[in-house]
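Work through the exercises below with the model open beside you. Try each task before you read its solution.

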Amino acid sequence: QLVESGGGLVQPGGSLRLSCEAIGFSLDYYSIGWFRQVPGKEREGVICMTNSDRRIVYADSVKGRFTISRDNVKDSIYLQMNDLKPEDTAVYYCVADRWAYGLEDVYDLWGQGTQVTVSS
């Protein structure tokens, strides 16, 4: 089970940090990432870190603004979002999968989602 926290309302240009904790299993051998979804649109892969070589893959829309990190001791994943824009408004999901290697929608494990709203 993946449990997210940290969503909320933020003004354009602001920052927000999302957290995700793995409950009942270790993230040591998993690729991890974050997806987001806006009502009426498909889920979009935002950023991920591969298990095999810890390579980070970014969606073009978030390059230079979002970063991902992991803490294997705490079995947690973090998404640091800076310079947020209204178009970043979405429900954000943390994801994990043993074999995923990018931003394709193939991840097995999903959190429940947390709302991020960017608005003045």
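**Exercise 1. Find the ring that the charged end of Arg17 sits over.**

Solution. Start at Arg17. Its charged end sits over the ring of Tyr78, 4.1 Å from the ring centre. The rule asks for NZ of Lys or CZ of Arg within 6 Å of the ring centre and within 35 degrees of the ring normal. Next, go to Arg43. Its charged end sits over the ring of Trp110, at 3.8 Å from the centre.

A note on the source: this is a predicted model, where local features need pLDDT of at least 70, side-chain atom pairs count only at pLDDT 80 or more, and totals for chains, interfaces and linings use all residues. Residues are numbered from 1 along each chain as its sequence is written, and side-chain values use heavy atoms, with hydrogens and water left out.

**Exercise 2. Which residues form one aromatic cluster with Trp110?**

Solution. Stay at Trp110. Phe35, Tyr93 and Tyr107 join Trp110 in one aromatic cluster. Then count pairs: the structure holds four aromatic pairs. Rings of Phe, Tyr and Trp (its six-membered ring) pair if their centres lie within 6.5 Å; planes under 30 degrees apart count as stacked, over 60 as edge-to-face and the rest as tilted.

**Exercise 3. How many disulfides are there, and which cysteines form a disulfide?**

Solution. A disulfide is a covalent bond between the sulfur atoms of two cysteines. Here the cut-off is a pair of cysteine sulfur atoms within 2.5 Å. The count comes to one disulfide. Cys20 and Cys94 form it, with their sulfur atoms 2.0 Å apart. Cys20 lies in strand 3 (residues 16–22) and Cys94 in strand 9 (residues 90–97), so the pair ties together parts that are 74 residues apart in sequence. Strands (E, at least two residues) are DSSP runs, numbered from the N terminus. Now check the handedness: with 50 degrees about the S-S bond, the link of Cys20 and Cys94 is right-handed.

Next, check burial. Buried means under 20% relative accessible area, exposed over 50%, partly exposed in between (1.4 Å probe, protein chains only). Cys20 is buried at 1%. Cys94 is buried at 0%.

**Exercise 4. Why is the sulfur of Cys48 too far for a bond?**

Solution. Look for the closest cysteine sulfur. It belongs to Cys94 and is 13 Å from the sulfur of Cys48, so the two are too far apart for a bond. Cys48 is also buried, with a relative accessible area of 0%.

**Exercise 5. Describe the surroundings of Ser31.**

Solution. Begin with its place: Ser31 is in strand 4 (residues 31–37). Ser31 is buried, at 1% relative accessible area. Its side chain reaches the backbone oxygen of Ala100 at 2.7 Å. Leaving out residues up to four places away in sequence, Ser31 touches several residues, including Met49, Val95 and Tyr107. Contact means heavy atoms within 4.5 Å.

**Exercise 6. Along strand 7, which side chains point to one face and are buried?**

Solution. Walk along strand 7 (residues 66–71), where the side chains alternate. Phe66, Ile68 and Arg70 point to one face and are buried. Thr67, Ser69 and Asp71 point to the other and are not. Now find the partner: six bridges join strand 7 to strand 8 (residues 76–81), and the two run antiparallel. Strands pair if DSSP finds at least two bridges between them. Phe66 stands opposite Met81 in strand 8. Finish at the hairpin of strand 7 and strand 8, with four residues between the strands: Asp75 takes a positive phi near 50 degrees there.

Technical notes: A polar contact is a pair of N or O atoms within 3.5 Å; within protein, one must be able to donate a hydrogen and the other to accept it, and residues adjacent in sequence count only if both atoms are side-chain atoms.
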